[in-house]
Amino acid sequence: MMSRATIVPYFPSSSLPLRSFCRCRIATDYPKATSRRFLSSGKVVLMSAMSNDALTAPSQEATDAIGQAANVEPNFVSTQNRDSVGSVKQQLSKIFKVSLQSTFPNDVDIDPLVSASTKFADYQCNNAMGLWSRIKGKFTEFSNPNSIGQAIVENLPPSEMVQSTSVAKAGFINIVLSNVWIAKHIENMLSNGIREWAPIIPVKRAVVDFSSPNIAKEMHVGHLRSTIIGDTLSRMLEFSNVEVLRRNHVGDWGTQFGMLIEYLFEMFPNWEDAGQQAIGDLQEFYKSSKKKFDEDASFKERAQRAVVRLQGGEEKYRNAWKQICEISRREFAQVYQRLGIHLEEKGESFYNPFIPDVIQELSDKGLIEESEGARVIFIEGQSIPLIVVKSDGGYNYASTDLTALRYRLREEKAEWIIYVTDVGQQQHFDMVFSAARRACWLPDPKGNLYPKTNHVGFGIVLGQDGKRFRTRSTEVVRLVDLLDEAKNRCKKELQQRLENNGKLGEWSEQELERTAEAVGYGAVKYADLKNNRLTNYMFSFDQMLNDKGNTAVYLLYAHARICSIIRKSNRDLTELTKSGSISLGHPDERILGLHLIRFAEIVEEACMNLLPNVLCEYLYNLSEIFTRFYTSCQVIGSAEETSRLLLCEATAVVMRKCFEVLGIEPVYKI
């Protein structure tokens, strides 16, 4: 059994043109990425509502279709319909693209290098130095990088975005945005909705493979990071108008099921009548069966025969397997429900029937060789081969992962496939992706073409002793218990806070419970997401539930305070949005406005680089910038009340979208 992320099969219809796919004609057929930062809603089903349909073997017709599609190249297009206006950086890039084409008419492939600036201006265009290095010494009208920068500025088309530009000695172009345009951009968002600020990224459909626990084993804190990070990456892509196929690649197939099924039959001859009570605590059931498997040679032999009968489709064994899987699903659903996570299960058993065809295709393409009785693929630069068929003829991680990858590319037509697992699996995925490129399923990554694959690695969760997070009994912590403790601590703290200020009677039990869940579960998520995912992080309830500093508690309370300011004004925000306008006369008003309009490019950066902590940093900075604004700029009762209330509302709207993308439920009162 393999626990990880999933791989989804998708093969093109017979109407697609046949091509010599294994000759790698990919480079001219896939769209290019438009972002230099690129590193490498389908049907969503609640885990608790899943049936066993996804676990049944595909029909013969489906298997035949896969075989027929083996040499069909996926047909991807790059055009996308977008309602959003794109990020400020993307809008500026369009303006500078026009100038660059005018300044260098014979070099149409120059991409504008626009970035945010914190020192000399609002943004910079940084093309001049690189262009000078290309033309220096050749016959040219330009004498240095500064002259190139001056020419780019002179050829800029008129734009209401830009207030002024200046060129530094080295040719860097400083860009100051118009206050009027910034204000109007925020007003438009308030009128049309935050989706107008969704970034535009060059992907239409993505698969995100995350969570992926093992059937018959308890979900523990080790699954926390994959589940939380994977959900946030999915949410970022979905906000960016990408269709996301959320996949739960559960470990629901393998030799251990023979052990579990045989133990069930032995301990409960009438197991079908006993139902779930026969198994009881699945974790203990697994431990007991494993103990017997290790100590009883006769039982071990019977368990191995049970695997063969299960894989042969014998009804009694299939039914027992389904029951074990269903019990596990109900356990997993408790975690997903608390975290607000939605996935669609496609586990190992789904792909198992397709593996022989994939092995045959790889063999026909000359990738597979014999080595010490096993069938392997040798990968350049790796000291060990990728084993795709074990010496006993069985399949493994690699065979399942390659099958799932091909299925996702051809059947699901995914342009971006993202695997969220611990950093320890980096080498495995590097080898799988390399094998897929050799098979011409994926293009050369140097060309920045689609489809793309990424392994999103993450570090481990540590206890305060600096070691892997466990309970005192050395058992790994159950995730349900950990989440419940976070909620219970929050509820106790909230009740104490309300009692101290005499407001406990104003809250219903339902409000207390919901707020405790939002803050408690949000605190656990944010404590993970605010860190660079590649690092280990220390799990501490005291730190994550602190209401000061960069924590979810502080940010949720900051949002609630903004909502309180708006309520106390007794103004109709809907009417203000229609009739009011924003003015950025005070320096702190402008700083807040500028930070707000950078939201889209921050989401783009976090999404394309697969780093949720970038969005967390933006959110925390937003709360700090708002605090400075509120301290220096009186809102209620001031001459600028309407404008400043609209800035308060815009801040609350952006904070709520940040919370939503991070999978955190906002609170509106404290």
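Which residues does asparagine 174 touch, not counting residues up to four places away in sequence? I will start with that residue and work outwards. One thing to say early is that this is a predicted model.

The contacts of asparagine 174 are Phe120, Ala121, Tyr123, Gln124, Ser164, Thr165 and Ser166, with residues up to four places away in sequence left out. Asparagine 174 itself sits in strand S4. Is asparagine 174 buried or exposed? Its relative accessible area is 9%, and the cut-off for buried is under 20%, so asparagine 174 counts as buried. Its side chain makes a polar contact of 3.0 Å with the side chain of glutamine 124. Look also at aspartate 122: along the chain, aspartate 122 and asparagine 174 are 52 residues apart, yet 7.4 Å separates their C-alpha atoms.

Now the sheet around that residue. Strand S4 covers residues 173–177, and S4 belongs to an open sheet of four strands. The order across the sheet is S1-S2-S4-S3, and the pairing is antiparallel. At the edges are strand S1, residues 114–116, and strand S3, residues 162–167, each of which pairs on one side only. From one strand to the next, the twist averages 25°.

How many bridges join S1 to strand S2? There are three, and the two strands run antiparallel. Strand S2 is residues 123–125. If you want one pair to find on the screen, take valine 114, which stands opposite cysteine 125 in S2. There is a helix to add here as well: helix H4, residues 145–154, lies across S3 and S4, and runs at about 160° to S3.

Next, another sheet. This open sheet has three strands, in the order S8-S9-S10, again with antiparallel pairing. Strand S8, residues 368–371, and strand S10, residues 386–389, are at the edges; each has a single partner strand, so one side of each has no neighbour in the sheet. Here the twist averages 45° from one strand to the next. Strand S9, residues 374–377, pairs with S10 over three bridges. Within that pairing, valine 376 has isoleucine 387 of S10 as its bridge partner. Helix H15, residues 426–438, lies across S9 and S10, at about 70° to S10.

The last element is helix H16, which covers residues 479–500. Does its length come out as expected or not? At 1.5 Å a residue, its 22 residues should span 32 Å, and the end C-alpha atoms are 32 Å apart, so the two agree. After H16 comes glycine 502, with a positive phi near 75°.

Many of you will want to know which side of H16 faces inwards. The buried residues in H16 are Leu479, Val480, Leu482, Leu483, Asp484, Ala486, Lys487, Cys490, Lys491, Leu494 and Leu498. An α-helix has 3.6 residues a turn, so residues three or four places apart point the same way. Among the elements covering the buried residues of H16 are helix H6 (224–239), helix H11 (315–339) and helix H17 (509–529). Helix H18 (541–544) and helix H19 (552–569) are also included in that cover.

To finish, cysteines. How many disulfides does the structure hold? The count is zero. Cysteine 490, from the H16 list, is buried at 10% relative accessibility. Cysteine 607 is buried too, with a relative accessible area of 1%.

How values were computed: Residues are numbered from 1 along each chain as its sequence is written. This is a predicted model: local features need pLDDT of at least 70, side-chain atom pairs count only at pLDDT 80 or more; totals for chains, interfaces and linings use all residues. Side-chain values use heavy atoms; hydrogens and water are left out. Two strands pair if DSSP finds at least two bridges between them. Axes are lines fitted to C-alpha atoms, for helices over the stretch in contact, and angles run from 0 to 180 degrees between N-to-C directions. Contact means heavy atoms within 4.5 Å. Buried means under 20% relative accessible area, exposed over 50%, partly exposed in between (1.4 Å probe, protein chains only). A polar contact is a pair of N or O atoms within 3.5 Å; within protein, one must be able to donate a hydrogen and the other to accept it, and residues adjacent in sequence count only if both atoms are side-chain atoms. A disulfide is a pair of cysteine sulfur atoms within 2.5 Å. The expected span of a helix is 1.5 Å times one less than its number of residues.
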